[in-house]
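User: Could you take a close look at one part of this model for me, the second largest pocket, and then work outwards to whatever its walls belong to? I'd like the cut-offs as you go.

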Amino acid sequence: MTGPSRTSAALLTDHYELTMVQAARQAGTAGRRAVFELFPRRLPQGRRYGVVAGVGRALDAIEDFRFDPATILALEGVVDADMLDWLASYRFSGDVWGYAEGEAYFPYSPLMVVEGTFAEAVLLETVLLSIYNHDSAIASAASRMTLAAAGRPCIEMGSRRTHEEAAVAAARAAYVAGFDASSNLAARARYGVPSTGTAAHSFTLLHDAEADAFRAQVQTLGVGTTLLVDTYDVAEAVRLAVEVAGTGLGAVRLDSGDLGEVAREVRAQLDDLGATSTRIVVTSDLDEHAIAALAAAPVDAYGVGTQLVTGSGHPTCGFVYKLVAREGDDGEMVSVAKRSTDKASIGGRKYALRRRSSSGVAEAEVIGIGAAPQDDGDDRALLVPLVEGGEVIGRATLDEARARHRSSLAELPRAVTQMSAGEAAIPTLHLEPR
């Protein structure tokens with residue numbers, strides 16, 4: 001059987017989402033109003049906060065969740081003909097609220113609240129979890145790295161360490177969380193993430209002499225370029241780099257060895273050669289702990305790959321998507337909750353605000369069940385409208401998401417700047433309806 005020419009968002013789902021809807025339609029319950037909630041039961045072990053990312057990609061997926069003829073053809077044998085007819089006209093027509101992209105989150109934060117019929121809302125489960133779990137894991141790791149960098153630029157360069165599409169999403173998520181640029185050109189084309197890059201060791205090895213490689217790069221990219229100086233002998237390469245480019249050389253890159261010690265030696269050598277403004281960029285399996293350890297070294301920028309695109313040890317956030325309320329036989333909404341051991345959920349439609357002190361420091365994540373918590377005047381509501389009547393209304397720019405990330409972190413307690421393992425920076429409080 002020939003599959004669809006391109007993958008619709010509707011196929012980025014699990015088999016049982018469709019069989020559930022088929023059974024619910026036959027039982028007459030598929031059209032019941034339902035409220036689903038996407039949330040974390042906990043933070044990754046040792047993390048003090050998380051960062052929401054992927055919101056914009058999720059909204060794109062909702063818009064593109066369509067069962068076109070090629071997609072319907074691919075589903076023959078999965079569900080019956082009547083269900084395929086229903087899918088052919090599927091459009092999400094409900095409402096969605098959620099935390100805005102770039103926002104910090106904590107255990108049980110209701111990151112997304114989806115309201116619609118059961119059939120409409122349950123079909124979105126897998127694709128929403130796929131996007132949120134991946135992108136938020138990357139953004140959470142990236143945020144810790146940018147905190148550790150303390151204002152020094154961070155560059156995402158992990159494309160060759162993950163799936164090609166995951167690499168694009170990772171570059172976007174890292175940018176939301178404060179990275180300055182990416183090596184990934186698809187992220188530049190799709191999302192406007194700034195891209196950067198110069199040359200690898202193979203470029204140096206291609207030439208008969210290191211100086212020839214440096215000369216070719218400078219002639220092409222200008223003296224402001226970054227020269228890779230650890231292919232052979234670092235000290236000799238630094239000498240040649242300044243000889244070729246002059247004291248206005250933009251930067252040198254170090255990709256091996258004891259980065260802190262080598263950076264100190266290179267800084268001293270550059271200054272002795274008169275290249276006092278030439279920056280030092282370091283790469284080589286960095287994570288937030290390695291970046292923090294280099295805080296006292298004369299490093300001007302960090303390039304991060306593997307550890308970033310794998311979430312620095314936590315490649316997923318453990319988000320779940322659970323039914324928390326549904327229409328009863330009498331037409332009224334009924335709270336429902338899962339009670340499985342270690343996997344319990346809390347029933348009821350949720351509302352959230354961040355309780356803050358009079359000086360603006362976050363004190364708690366307050367979750368109202370069935371009604372919004374009362375704002376004492378210093379608090380900040382967290383849920384924003386994303387989709388209304390099936391139409392996306394809450395799309396934000398990446399610059400807006402980056403600004404939100406900065407402001408969200410700025411109001412958290414100082415404990416979030418610590419790279420050591422710890423508990424959530426603020427507690428999560430659930431308020432029962434009065």
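Analyst: Sure, starting with the pocket itself: the second largest pocket holds about 490 Å³ of space. A pocket here is an open set of points on a 1 Å grid over the protein atoms alone, where a 1.4 Å probe fits and protein lies on both sides within 12 Å along at least five of seven lines; lining residues have an atom within 4 Å of a point. Grid points are joined across faces, edges and corners, and the volume is the space filled by probe spheres set on the points.

Keep in mind that this is a predicted model, with local features needing pLDDT of at least 70 and side-chain atom pairs counted only at pLDDT 80 or more, while totals for chains, interfaces and linings use all residues. Residues are numbered from 1 along each chain as its sequence is written, and side-chain values use heavy atoms, with hydrogens and water left out.

Now the walls. The second largest pocket has 19 lining residues, and those nearest its centre are Leu-12, Arg-57, Val-127, Ile-131 and Glu-165. Two or more lining residues come from each of helix 2, helix 6, helix 7 (164–176) and helix 8 (185–191). Helices (H or I, at least four residues) and strands (E, at least two) are DSSP runs, numbered from the N terminus. By class, the lining splits into nine nonpolar, five polar and five charged residues; Ala, Val, Leu, Ile, Met, Phe, Trp, Tyr, Cys and Pro count as nonpolar, Asp, Glu, Lys and Arg as charged, and the others, Gly among them, as polar.

Two of those helices lead to a sheet. Its seven strands run in the order 13-12-1-5-3-17-18, open and with antiparallel pairing; a pair needs at least two DSSP bridges between the strands. Strand 13 (333–335) and strand 18 (391–392) are the edges, each with a single partner strand, so one side of each has no neighbour in the sheet. Helix 2 (residues 55–63) packs on this sheet, touching strand 3, strand 17 (383–388) and strand 18, with its direction at about 20° to that of strand 17. Contact means heavy atoms within 4.5 Å. Axes are lines fitted to C-alpha atoms, for helices over the stretch in contact, and angles run from 0 to 180 degrees between N-to-C directions.

Helix 6 (residues 125–149) lies across strand 1 (33–40), strand 5 and strand 12 (319–327), at about 140° to strand 12. Strand 1 pairs with strand 5 over six antiparallel bridges, and Phe-36 has Val-114 of strand 5 as its bridge partner.
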